[in-house]
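Hi,

Here is the structure I said I would pass on. Could you have a look at it and then read my notes underneath?

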Amino acid sequence: MEEAKVVLLSSGFSMFGMRAKIALAEKGIKYEYVEEDLSNKSPLLQEMNPIHKKIPVLIHGGRPICESLIIVEYIDMVWHNNSPLLPFDPYLKAQAKFWADFVDQKVYHSSKRVWISKGDEQEVAKKEFLESLKHLEEFLGDKPYFGGETFGFVDVALIPFYCWFYTYETFGNFKVDAVCPKLISWAKRCMLKESVFETLADEKEVYEGVLDYKTKNLLN
């Protein structure tokens, strides 16, 4: 099954799709990339993810795997001999999954509200977003990566958000490094990795894409 064809359906600025790209790059897996137009979803996407019809979707040997953290874990299990992302120890593995889920449940939802809302709602979103980053910074501590000495599961889960920080900061009028300097140092360390540097979108392009989205959807 390892040698079966690998296809990734995603969209350029999706932090969730970037997770899958980074994991595949860490493992050295060759794959076909299919860019999805989220305003006109392809029949293939709707066939491979009929429940949610969302990206990313990893197709391995014709079989779909959906949801980005599940995809990253799948990649780690299938290609387990190279660059392990999840710890072997059951407790450490559980901890990694907890914090990766925390990124989805807390960081993602609050960060989106930073650029999509205004006024009091935006202020609440900014507070929640920065508090979630503080919690992650505390978990990181003085370790180079969330998993310790090596780049791992939680790093893959969080680092794609780094290319969105400029957008959050610009709309919310704040600076992450003023609140979480260790987290920014971690992000810059991750950016030295080819798998991350080659995957993350340009922060200014992300911002322009968000402006375009808001204009088309009358969210100004």
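Start with the hairpin of E3 and E4: two residues sit between the strands, and Gly-61 there takes a positive phi near 65 degrees. Bear in mind as you look at it that this is a predicted model. Four bridges join the antiparallel strands E3 and E4, and Val-57 has Cys-66 in E4 as its bridge partner.

Zooming out from the hairpin, the sheet is an open one with four strands in the order E2-E1-E3-E4, and the pairing is mixed. At the edges are strand E2 (32–35) and strand E4 (63–66), each of which pairs on one side only. From one strand to the next the twist averages 20 degrees.

Where does the mixed pairing come from? Strand E1 (residues 6–10) pairs with E2 in the parallel sense, over four bridges, whereas E1 and E3 pair in the antiparallel sense, also over four bridges. If you want residues to click on, Ser-10 has Glu-35 in E2 as its bridge partner, and Leu-8 stands opposite Leu-58 in E3.

E3 is worth a closer look, with both of its faces covered. Val-57 and Ile-59 on one side are buried, and so are Leu-58 and His-60 on the other. Helix H1 (residues 15–27) lies across E1, E2 and strand E3 (57–60), and it runs at about 155 degrees to E1.

Now a residue in that helix. Glu-26 is found in H1, and is it buried or exposed? At 14% relative accessibility, Glu-26 counts as buried. Leaving out residues up to four places away in sequence, Glu-26 touches Asn-82, Ser-83, Phe-151, Lys-193 and Ser-195. With Ser-195 there is a polar contact between the two side chains, at 2.6 Å. For a sense of scale, Glu-26 and Thr-170 are 31 Å apart in space, C-alpha to C-alpha, and 144 residues apart in sequence.

Then the aromatics. The count comes to 18 aromatic pairs. Take Phe-139 and Phe-146: their ring centres are 5.9 Å apart and their planes are at 20 degrees, so this pair is stacked. Phe-139 is partly exposed, with a relative accessible area of 22%, while Phe-146 is buried, at 3%. Lys-143 lies over the face of Phe-139, 4.9 Å from the ring centre.

Tyr-166 and Tyr-207 make another pair, with ring centres 5.5 Å apart and planes at 80 degrees, so they are edge-to-face. Tyr-166 lies in helix H7 (residues 165–172) and Tyr-207 in helix H11 (residues 203–216), so the pair ties together parts that are 41 residues apart in sequence. Tyr-166 is partly exposed, with a relative accessible area of 24%, whereas Tyr-207 counts as buried at 17% relative accessibility. This pair has a lysine to look at as well: Lys-204 lies over the face of Tyr-166, at 5.2 Å from the ring centre.

Last item: ring pairs link Trp-115, Phe-129, Tyr-162, Trp-164, Phe-165, Tyr-168, Phe-174 and Tyr-213 into a cluster.

Cheers

Key: Residues numbered from 1 in each chain as written. Predicted model: local features only at pLDDT ≥ 70, side-chain atom pairs only at ≥ 80, totals over all residues. Heavy atoms only, no water. Phe/Tyr/Trp six-rings, centres within 6.5 Å; stacked < 30°, edge-to-face > 60°. Buried < 20%, exposed > 50% of the residue type's maximum accessible area, 1.4 Å probe, protein only. Lys NZ or Arg CZ within 6 Å of the ring centre and 35° of its normal. Pairing = 2+ DSSP bridges. Axes fitted to C-alpha atoms, helices over the stretch in contact; angles between N-to-C directions. Contact = heavy atoms within 4.5 Å. Polar contact = N/O pair within 3.5 Å; in protein donor to acceptor, adjacent residues only side chain to side chain.
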